[in-house]
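Let's take a walk through a model together, going from the chains to single residues and then to a pocket. Please keep the viewer open as you read.

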Amino acid sequence: MDYRVFRRAHDPDRRMSEIERNRADDEAMTTVRIDSRRFGTIEVEESSLFEFADGLLGLEESTRSLVLVEQEDTPYYWLHSATDPDVAFVVTDPWAFWPDYDIVIPDEVEEELGLAGPEDVGVMVLVSVRPAADGGSPTVTANLLGPLVVSSSTRRGRQLVLDNARYSARQRIGA
Amino acid sequence: MLVLSRREGQAIVIGDNVIVRIVELKGDQVRLGIDAPRSIVVHREEIAEEIAAENRAARQAETVNLADLPLPMPSPTKADPQPEESADGI
């Protein structure tokens, strides 16, 4: 199957944390402590960290090592920097909101991340929440132009830069 | 910065295997043809800048509660996203 053109139907039962279960069982369980201004100090397995060799565009230094923090009953997750207590993002599964979303994973990214097949691929998009000036509902947007692609087995990730006029870096979520 | 003058149809070579050719000159636009190995990422400068700006904007203040954010429509029918008109109008 050619998963370089990647388009997955959203499965509400497939939590992003399923990515965790793909790890080899014989991997040593080493925990690392992450300081977070939001969560305090959290302990995660070292093997659950995602390594982004180049970080996220514009925030390269603080985003080379990231961890996904789940919260029940929402389609959103926290993606927290493992090295900077102040850096955390809200992310979501793009197919939960845009079933027609599709991306092309370039060959070189496939190789770099060591993607082992469609089930190995995790895709998430960053969500921005901009408070309303008058205290009303915040403006919530997703960055469909720069999706994050990760391998669940190698734990490597990269932010893609799509060249696709159909997608916006500020796609509105909700009315 | 190295600055070179080229005519339509002419090209420059970068390293061993990147060729940038002036395909067409038309008004105030120039069309470039880029021949490079797949391992070299080529994209418009402003797109990477837009994503970088949005990444910085996505760093969250501490007040966001995930449970307060909008949920997907229960039964999505047709949801082809339309690009937002303004990048900075919000």
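Chain B is a good place to start, with its one helix and three strands. Reading from the N terminus, you will meet these elements in the order β-β-β-α. Chain B has 90 residues, and 19% of them are buried. Its exposed surface comes to about 7,200 Å², with carbon and sulfur atoms supplying 50% of that area. If you build a contact map for chain B and keep pairs at least 6 apart in sequence, 0% of those contacts join residues at least 24 apart.

Now turn to chain A, which has two helices and 13 strands. Of its 175 residues, 53% count as buried. The contact map of chain A, with the cut again at pairs at least 6 apart in sequence, has 60% of its contacts joining residues at least 24 apart. Chain A exposes about 7,800 Å², and 47% of this comes from carbon and sulfur atoms.

Before going into detail, a word on confidence: this is a predicted model. Its scores are ipTM 0.84 and pTM 0.79. Chain A averages a pLDDT of 85, with 85% of the residues scoring at least 70. For chain B the average is 83, and 79% of the residues score at least 70. Among the elements of chain A, strand β1 (residues 5–6) has the lowest mean pLDDT, 67, while β12(A) has the highest, 96. Where pLDDT is low, the predicted coordinates should not be read in detail.

Next, let's look inside chain A. Which strand holds V91(A)? V91(A) is found in strand β7 of chain A, which spans residues 88–92. Its relative accessible area is 0%, so V91(A) counts as buried. Setting aside residues up to four places away in sequence, V91(A) touches L68(A), P75(A), Y76(A), Y77(A) and L79(A), as well as M124(A), V125(A), L126(A) and V127(A). For a longer distance in the same chain, take F39(A): 52 residues separate it from V91(A) in sequence, and the two C-alpha atoms are 16 Å apart.

S81(A) is another residue to select, this time in strand β6 (residues 76–81) of chain A. S81(A) is buried because its relative accessibility is 0%. Beyond its neighbours within four places in sequence, S81(A) is in contact with I34(A), S62(A), S65(A), L66(A) and V87(A). The C-alpha atom of S81(A) is 5.7 Å from that of T63(A), a residue 18 places away along the chain.

Three arginines make a useful set to inspect next. Is R155(A) buried or exposed? With a relative accessible area of 5%, R155(A) is buried. R155(A) sits in the loop between β11 (148–151) and β12 of chain A. Its backbone is worth a look too: phi of R155(A) is near 70°, a positive value in a residue other than glycine. Most residues other than glycine have a negative phi.

R156(A) has its place in strand β12 of chain A. R156(A) counts as partly exposed because its relative accessibility is 36%. Not counting residues up to four places away in sequence, R156(A) touches E51(A), E111(A), E112(A), L113(A), G114(A), V149(A), V150(A) and S151(A). The C-alpha atoms of R156(A) and L49(A) are separated by 8.8 Å, although the two residues are 107 apart along the chain.

R166(A) lies in the loop between β12 and β13 (171–173) of chain A. R166(A) is partly exposed, with a relative accessible area of 32%. Its C-alpha atom is 23 Å from that of E108(A), which is 58 residues away along the chain.

Finally, let's visit the largest pocket, whose volume is about 580 Å³. How many residues line the largest pocket, and which of them lie nearest its centre? The lining has 26 residues, and those nearest the centre are P106(A), L160(A), V161(A), V41(B) and H43(B). The elements giving two or more residues to this lining are β8 (103–104), α2 (107–113) and β12 (156–159) of chain A. By type, the lining residues divide into 14 nonpolar, five polar and seven charged.

Notes:
Residues are numbered from 1 along each chain as its sequence is written. Chains are lettered from A and ligands numbered from 1 in the order in which they are written. This is a predicted model: local features need pLDDT of at least 70, side-chain atom pairs count only at pLDDT 80 or more; totals for chains, interfaces and linings use all residues. Side-chain values use heavy atoms; hydrogens and water are left out. On a 1 Å grid over the protein atoms alone, a cavity is a set of points where a 1.4 Å probe fits but cannot get out, and a pocket is an open set with protein on both sides within 12 Å along at least five of seven lines; lining residues have an atom within 4 Å of a point. Grid points are joined across faces, edges and corners, and a volume is the space filled by probe spheres set on the points. Helices (H or I, at least four residues) and strands (E, at least two) are DSSP runs, numbered from the N terminus. Ala, Val, Leu, Ile, Met, Phe, Trp, Tyr, Cys and Pro count as nonpolar, Asp, Glu, Lys and Arg as charged, and the others, Gly among them, as polar. Buried means under 20% relative accessible area, exposed over 50%, partly exposed in between (1.4 Å probe, protein chains only). Contact means heavy atoms within 4.5 Å. Accessible areas come from the Shrake-Rupley method with a 1.4 Å probe; for residues, only the protein chains shown count as cover. pLDDT is the predictor's confidence in each residue, from 0 to 100.
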